[in-house]
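Subject: Structure for your review

Dear colleague,

Please find below the sequence and structure that I am handing over to you. A summary of what was found follows directly after them.

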Amino acid sequence: MGIFSSISSALFGSSESQRIKAKKELAYNSQKALFPNEAKAVEELLQYHYEKALRDIIYVLGNASNHHANLSDSEYQKVKGSPFVDRFIEYYAYEIFINAYSLGHQLRAGTADEKFQREIMVMMQELNRNLLAEATSTFSSTKIAECFSIAASKAADLGAEAGAEVYDQEYIVVKK
């Protein structure tokens with residue numbers, strides 16, 4: 001960790017994950033400003049792959065609820081009808097999916113250096129910790145929270161696979 005990171009962490013209390021995310025967002029926004037059409041195409045491609053993966057992610061969540069947590073039908077209906085499920089889909093699973101997508105793509109391309117891999121893993125671990133904490137607080141059950149974590153793991157797997165698949169198909173928005 002550099003001196004600036006140490007100072008900013010001490011002054012502002014930001015986690016390593018938050019600093020990494022801020023750095024990546026700044027870099028992305030710079031690229032997006034320079035190449036708006038390409039950025040839009042990448043965002044649409046990512047959204048397409050996430051929507052395609054969502055069915056499997058939800059299936060894993062339901063399967064984990066039945067087999068891992070052994071929820072009764074009434075407990076399962078409470079989880080299924082909870083606003084947290086929407087938060088999981090719109091935030092946690094999505095963020096984990098896009099991080100894994102980027103990692104999968106860059107690993108396949110051979111451009112994911114150790115620092116990049118570590119940074120992605122730090123962000124995904126932080127997302128999973130926050131997911132577990134929020135789900136545990138929402139449902140007062142670690143078993144139910146673990147079901148969301150299992151589904152998040154599936155989102156990571158599918159994201160990495162989709163990112164690698166995009167590279168394999170040589171789909172690029174700009175010339176290599």
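A residue is called partly exposed when its relative accessible area lies between the limits for buried, under 20%, and exposed, over 50%. A133, with a relative accessible area of 47%, is therefore partly exposed. Please note that the model is predicted.

Overall composition

The protein chain contains 7 helices and 0 strands, and its pattern along the sequence reads α-α-α-α-α-α-α. Of the 176 residues in the protein chain, 36% are buried. The area exposed by the protein chain is about 10,700 Å², and carbon and sulfur atoms contribute 54% of that area. Among contacts in the protein chain with a separation of 6 or more, 75% are between residues 24 or more positions apart.

Helices α5 and α6

Two packed helices are described by the angle between their axes and the distance between the axes. For helix α5 (residues 83–109) and helix α6 (residues 114–139), the angle is about 165° and the axes are 10 Å apart. Because angles over 145 degrees count as roughly antiparallel, α5 is roughly antiparallel to α6. The crossing of these helices, α5 and α6, is left-handed. Sorted by character, the residues of the contact of α5 with α6 comprise 17 nonpolar, 6 polar and 3 charged.

Two residues may be examined alongside this pair. N99 belongs to helix α5 and is buried, at a relative accessible area of 9%. Leaving aside residues up to four places away in sequence, N99 touches I120, M123, M124 and L127. F116 lies in helix α6 and counts as buried, at 11% relative accessibility. The C-alpha atoms of F116 and Q106 are separated by 9.2 Å, and these two residues are 10 residues apart along the chain.

Helices α5 and α7

Helix α5 also packs with helix α7 (residues 142–168), at an angle of about 40° and with the axes 6 Å apart. The crossing in which α5 passes α7 is right-handed. The residues of the contact of α5 with α7 comprise 20 nonpolar, 4 polar and 2 charged.

Helices α6 and α7

The axes of α6 and α7 cross at roughly 150° and come within 8 Å. The two helices, α6 and α7, are therefore roughly antiparallel to each other, and their crossing is right-handed. On the α6 side the contact is made by M124, N128, L131, L132, A135, T136 and F139; on the α7 side it is made by T142, I144, A145, E146, F148, S149, A152 and A156. By character, the residues of the contact of α6 with α7 divide into 10 nonpolar, 4 polar and 1 charged.

To return to A133, this residue is found in helix α6. The C-alpha atoms of A133 and A145 are separated by 7.8 Å, with their positions 12 residues apart along the chain counted as the separation.

Two residues recur in the account above. M124 is one of the residues that N99 touches, and M124 is also among the α6 residues that make the contact with α7. A145, whose C-alpha atom is 7.8 Å from that of A133, is among the α7 residues in that contact.

With kind regards

Note on methods:
Residues are numbered from 1 along each chain as its sequence is written. This is a predicted model: local features need pLDDT of at least 70, side-chain atom pairs count only at pLDDT 80 or more; totals for chains, interfaces and linings use all residues. Side-chain values use heavy atoms; hydrogens and water are left out. Helices (H or I, at least four residues) and strands (E, at least two) are DSSP runs, numbered from the N terminus. Buried means under 20% relative accessible area, exposed over 50%, partly exposed in between (1.4 Å probe, protein chains only). Contact means heavy atoms within 4.5 Å. Accessible areas come from the Shrake-Rupley method with a 1.4 Å probe; for residues, only the protein chains shown count as cover. Axes are lines fitted to C-alpha atoms, for helices over the stretch in contact, and angles run from 0 to 180 degrees between N-to-C directions. Angles under 35 degrees count as roughly parallel, over 145 as roughly antiparallel, 65 to 115 as roughly perpendicular and the rest as oblique. A crossing is left-handed if the near helix is turned anticlockwise from the far one by less than a right angle, and right-handed if clockwise. Ala, Val, Leu, Ile, Met, Phe, Trp, Tyr, Cys and Pro count as nonpolar, Asp, Glu, Lys and Arg as charged, and the others, Gly among them, as polar.
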